[in-house]
Amino acid sequence: CHCQRNSVREIWDDLFSVCGGHERAQLTRSRSGKRRRIDTKMAVDNASYLMQFVDETSFYNRIVLSHLLPASLWEPLPHFLQTWLRNYLAGNLLYFISGFLWCFYIYHLKLNVYLPQDAIPTRKAMLLQIHVAMKAMPCYTLLPTVSEYMIESGWTRCYSRIGELSWILYFVSIATYLVLVEIGIYWMHRELHDIKPLYKHLHATHHIYNKQNTLSPFAGLAFHPVDGILQALPHVIALFIVPIHFTTHLGLLFVEAIWTANIHDCIHGNIWPVMGAGYHTIHHTTYKHNYENGFLTQFVDETTFYNRIVLSHLLPANLWEPLPRFLQTWLRSYLTGNLFYFISAFLWCFYIYYLKRNVYIPEDSIPTRKAMIQQIHVAVKGMPWYTLFPTVSEYMIERGWTKCYSTLDQFNWFLCFVYIVLYLFIVEFGMYLVHKGLHDIKFLYKHLHATHHMYNKQNTLSPFAGFASHPLDGILQAAPHVIALFIVPVHLITHMSLLFLGGIWTTCIHDCIHGNIWPIMGAGYHTIHHTTYKHNYGQYTICMDWMFGTLKIPVAEDNGLDQKANHLLPANLWEPLPHFLQTWLRNYLAGNLLYFISGFLWCFYIYYLKLNVYFPKDSIPTKKAMIMQIHVAMKAMPWYTLLPTVSEYMIERGLAFHPLDGILQAVPHVIALFILPIHLITHLSLLFLEGIWTASIHDCIHGNIWPIMGAGYHTIHHTTYKHNYGHYTIWMDWMFGTLKVPLAEDDNEKVK
């Protein structure tokens, strides 16, 4: 009887009824039926919505193809091929009509008006450009066809009707879309110049037109097909990031094609900040695409030196000297990787599991020897592949394909520091996205990342688990280190050191010790990641998780903000106080510490260590003057620190009232809390930085960096009383006409 039933669900209901649970079976069936109806309705609604895109593209196909081809030629084709054919024909029409009309106007009707006759490109040059563009046109038009297919499939954030968003959001989304496209095209174009194989095999096709009399509107699409697709790719990538109206997206692609023709006409009618033809002509006529050989030799010499240091101490010369240099570099990376892995992990395990037994981790949470041996086995299998990646990155650096540099004198120290920060930001952002993708894409998780997540309990995690990953998983998570080399200039040794430190860090965050220092992604955070699978994807900091809402804080640290007072006062003095007074006391003590430490260190540096460097001796303030300033500050400090205490109180209570406080210059920090969403710790950190900044702009050192309101500007404010009222930047003073530039910078300002 059961074999004749239509579904397992009915058999399950019969079993329930036999056991007296017939009512429960009916309830279960009704609930599942309701869920199926809801899912079906959602699927139907989604399909009908996506059908609007299909109808719209079909409408455009009919408009174009019905006027250009007999119906018997295009109607039998699949929808995708119809869309490509429409894009191909429309692209050709647009290219020829816009190019011909523009050439006719500037080279014939306005002869010698915009361009002298000897600057007009020859007919042969224009025919060559048309020939190159026609060869590539089938490939160019494939990209918008694929983008329309993805839109119709519902993979992007496109929407079909303008009424779905308000007009403000519509224009904001267009502005955001254009910013992303502009940034994407800039970097894509720049890398096509900076990465020599890409320039040689792709972009050089377009740059054969490198003189004014060889450039014409027809050169706008005279690219290698892959080059054209790469430069248009940001238009498609932006569809996955910003909601954009479908027809608006197509219109912007149409306008881009016209613009590309326009900026190759060599007419210098530039309107700031538009990238007119005058700017683009300079790009075609002055670009230098070859690196000096001596610059690259420095990288080769440096990596060869490292190879000799490592291999000569570990292997006989006859084993490694005959090898090609690439294999020598890989062998050096492989041997040092293994040494580093075993030594660092063994020493760390020996310290926390033997010397400090039951101090950091209870005995029942220490991983078994079997678990650690299994982790070592997985890591050793993957090590040859892990170390191949830095070897390839060094090869690309030696070939000059990256932005690496070899000597520190190429940039000043400030720029070196800025570039390191940018490099680390790109690496952190990239590793977050890769790690989250390895979890969210089920196929990648199942076949790659699950190998590492076998260790999902505290008593299975150890420092040896840091490299216990699938080889491809390890390579993907290290890829941002190499990608960053193509974006940010970074010193070769800095890059290699950061890779080395990244390896140590990977070992460290698997030890389960909860000694987290904000905003570092310590082992406490990473242990949560291994046990919950959906939090704390970052590598070095918690910033990305905080930004994207995947952060989960270890329980022991939830209420750690006010514990700073433990280090300054006995618990019996501050614990009985109300929470408001505890917060004020913390702000008062921290404010005093900040004031004295930053003020003292800065005075010690500029008035003692750098005596007569920044100031002549007779310009140094007297001890009496500084003591008087400290006296005034100490009298006011209890009131200064009342304002951030009140602001925290309002954040906690959600109150909205105007604080009757005399510290008017700090009030905007509180007012801004009612206008913009801001993270509590970010707000407190900005108040903290404000204290340091306020000390810094009173040191009279004229090291101003535009548009920062440096001490040079603020000194003018103190001496003239009517200029430079801003705090962080000079923008407000510039806008309202109260800006006065320090004398030492007057000439530079005129040049600007």
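A residue counts as buried when its relative accessible area is under 20%. Keep that cut-off in mind as you move around this predicted model.

**Stop 1: Arg86 and Glu148**

Select Arg86 and show its side chain. Is Arg86 buried or exposed? With a relative accessible area of 6%, under the 20% limit, Arg86 is buried. Now add Glu148, the salt-bridge partner of Arg86; their closest N and O atoms are 2.9 Å apart. Glu148 is buried as well, at a relative accessible area of 1%.

Next, color the two helices involved. Arg86 belongs to helix H4 (residues 79–109) and Glu148 to helix H6 (residues 142–152), so this salt bridge ties together parts that lie 62 residues apart in sequence.

**Stop 2: Glu394 and Arg332**

Move along to Glu394 and display Arg332 with it. These two form a salt bridge, with 2.9 Å between the closest N and O atoms. Which helices does the pair link? Glu394 sits in helix H16 (residues 388–398) and Arg332 in helix H14 (residues 325–355), distant parts of the chain that are 62 residues apart. Glu394 is buried, having a relative accessible area of 4%, and Arg332 counts as buried at 6%.

**Stop 3: Lys436 and Asp440**

Now select helix H17 (residues 413–440) and pick out Lys436 and Asp440, which are four residues apart, so about one helical turn separates them. Their side chains meet in a salt bridge, at 2.8 Å from N to O. How accessible is each partner here? Asp440 is partly exposed, with a relative accessibility of 43%, and Lys436 is also partly exposed, at 23%.

The salt bridges you have just visited are among the four counted in this model.

**Stop 4: where H7 meets H10**

For the last stop, select helix H7 (residues 167–194) together with helix H10 (residues 246–262). Their axes come within 12 Å and cross at roughly 45°, which means that H7 is oblique to H10. The crossing is right-handed.

To see the contact itself, show these side chains:

- From H7: Tyr170, Ile174, Tyr177, Leu178 and Ile185.
- From H10: Thr248, His249, Leu252 and Glu256.

What kinds of residues make up the contact of H7 with H10? Six are nonpolar, two are polar and one is charged. Try coloring by residue type to pick out the charged one: Glu256, on the H10 side.

Technical notes. Residues numbered from 1 in each chain as written. Predicted model: local features only at pLDDT ≥ 70, side-chain atom pairs only at ≥ 80, totals over all residues. Heavy atoms only, no water. Axes fitted to C-alpha atoms, helices over the stretch in contact; angles between N-to-C directions. Helix = DSSP H or I, 4+ residues; strand = E, 2+ residues; numbered from the N terminus. Parallel < 35°, antiparallel > 145°, perpendicular 65-115°, else oblique. Left-handed = near helix turned anticlockwise from the far one by under 90°. Contact = heavy atoms within 4.5 Å. Buried < 20%, exposed > 50% of the residue type's maximum accessible area, 1.4 Å probe, protein only.
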